Amino acid sequence: MPAVTSGRVLVTGANGYIAVWVVRYLLERGFSVRGSVRSKSKGTYLSDYFNSYGDKFEIAVVDDITQEDAFDAAAEGVDAILHIASPVILEAGDPDEVIVPAVKGTESILKSALKHRTTVKRVIITSSTASVITPPVVRAEPRVFDERDWNEYSLEHVREKGRAANGLDKYCASKVLAERAGWDFYTRAKAEVAAAGGGGGELGWDLVTLMMPFVFGPAIHEAPTLDKFNGTARTWYDHVVKGDLWGVPADTNVYDGRIALIGNDPSHGYEFVDVRDFAESEVLSLVTPAAGDERLIISGPTYTWQEFTDAARRYSDKIPAIDTPYTDVSSLKYPVRYNCEKAQRILGVKSRSLEESTKDSLEDFKARGWV
């Protein structure tokens, strides 16, 4: 399919940490943007923040993304859809609390894209490397993952354990099932349209899915107070600015949501992507013809919390030293790495350094009075 280089783009979950950056970059490139949010009140901040763009930015309220026709009105007349809205629930009891809205939300946006296939040219679904990796705890050796991989372990774990499965695996299973639902829907829709022969037998739009690891970096979404600031950006703040590793012993060998998310093993390094680089990748996936029909992993530098802390202490004397004994960086193991060659080749993705991401995050927090 040809690239979408102009027109109107629907961004779902537009008030989220990643999505606000995506909306900003789209507007800066000259696109018009319709941002969906769950309530009118959640759109007030966005309308004020993007006020200078006038009628090129508008809000659409979609209060329940699991409804079959949830996005029908929001998708009307748009040239592309960036589906970023998805639940992040790490402490679900019933796995369906996180799986059902993730899967149904994906199916709902694609059903709306199908209804509006005369105008929609590309749909981009934001997934996660949670749909790709096999968790380190069930592997003896480090491993490099790419777009051919799927997280079968979390699916099986949740099937076997049900409510007793750990929260992170429930979340991972939701990402796997939602992304697969997207590709399955797309494959069926192409076949059905071809069989019917309508519109020349062409679906009219193609599909891209993007997967990312931990996302850090400065925030521009609504967070008037620290208690309203959450997600991975809050994780970074707690660990680096507050020096809080939640008291989890460094040698704890338990695979649960907290330990897996914070990467607490002092002998291990991890990967992250700056929120601005991932947002830019969303836009590049829209304007690049060759991105169509691709799964793409977007990742950036490696890190340990010690490296983030050391960098932060170069820009603020208020950053505490981490009291956990970290090993020398030269002896680190990387249980999970990502081969991002395909995304780099197709999109020309560039990554900000750990140093730049740290510096800019601290400047953001200082401006908010949080450092």
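Two strands count as paired if DSSP finds at least two bridges between them. Keep that in mind as we walk through this model, which is a predicted one.

Let's start with strand 4, residues 80-83, and strand 5. Four bridges join them, and the two strands run parallel. If you'd like a spot to look at, find Ala80: its bridge partner in strand 5 is Arg122. Strand 5 also pairs with strand 7, residues 206-211; here there are five bridges, and the pairing is again parallel. One place to see this is Thr126, whose bridge partner in strand 7 is Leu210.

So what about the surroundings of strand 5? Here's a handy bit of background: in a regular strand, the side chains alternate between the two faces of the sheet. In strand 5, Arg122, Ile124 and Thr126 are on one side, while Val123 and Ile125 are on the other, and all of them are buried. A residue counts as buried when its relative accessible area is under 20%. Since five of the five residues of strand 5 (residues 122-126) pass that test, the strand is largely enclosed by the rest of the structure.

Next, move along the chain to an open sheet of three strands, with the order 8-9-11 and mixed pairing. Where does the mix come from? Strand 8 and strand 9 (residues 270-274) run parallel and are joined by three bridges, whereas strand 9 and strand 11 pair in the antiparallel sense over two bridges. You can pick out some of the partners by eye. Phe214 has Phe272 of strand 9 as its bridge partner, and Phe216 stands opposite Asp274 in strand 9. Tyr270, in turn, has Tyr303 of strand 11 as its bridge partner.

Which strands stand at the edges of this sheet? They are strand 8 (214-216) and strand 11 (302-303); each has a single partner strand, so one side of each is left without a neighbour in the sheet. Helix 8 (residues 275-287) packs on the sheet and touches strand 8 and strand 9, with its direction at about 65 degrees to that of strand 9.

Strand 9 itself has Tyr270, Phe272 and Asp274 pointing one way and Glu271 and Val273 pointing the other way, all of them buried. With five of its five residues buried, strand 9 is largely enclosed by the rest of the structure.

Now for the helices. Two packed helices are described by the angle between their axes and the distance between the axes. Take helix 4 (residues 152-161) and helix 5 (residues 167-196): their axes come within 8 Å and cross at roughly 115 degrees. The crossing is left-handed. On the helix 4 side, the contact is made by Glu152, Tyr153, Ser154, Leu155, His157 and Val158, and helix 5 brings Asp169, Lys170, Cys172, Ala173, Val176, Leu177 and Arg180. Sorted by class, that gives seven nonpolar, two polar and four charged residues.

Our last stop is helix 6 (residues 231-241) with helix 11 (residues 354-368). Their axes come within 12 Å and cross at roughly 90 degrees, which means that helix 6 is roughly perpendicular to helix 11. Ala233, Trp236, Tyr237 and Val241 of helix 6 meet Thr358, Ser361, Leu362 and Phe365 of helix 11. How many charged residues does this contact of helix 6 with helix 11 have? There are no charged residues in it, just six nonpolar and two polar ones.

Note on methods. Residues are numbered from 1 along each chain as its sequence is written. This is a predicted model: local features need pLDDT of at least 70, side-chain atom pairs count only at pLDDT 80 or more; totals for chains, interfaces and linings use all residues. Side-chain values use heavy atoms; hydrogens and water are left out. Axes are lines fitted to C-alpha atoms, for helices over the stretch in contact, and angles run from 0 to 180 degrees between N-to-C directions. A crossing is left-handed if the near helix is turned anticlockwise from the far one by less than a right angle, and right-handed if clockwise. Contact means heavy atoms within 4.5 Å. Ala, Val, Leu, Ile, Met, Phe, Trp, Tyr, Cys and Pro count as nonpolar, Asp, Glu, Lys and Arg as charged, and the others, Gly among them, as polar. Angles under 35 degrees count as roughly parallel, over 145 as roughly antiparallel, 65 to 115 as roughly perpendicular and the rest as oblique. Buried means under 20% relative accessible area, exposed over 50%, partly exposed in between (1.4 Å probe, protein chains only).
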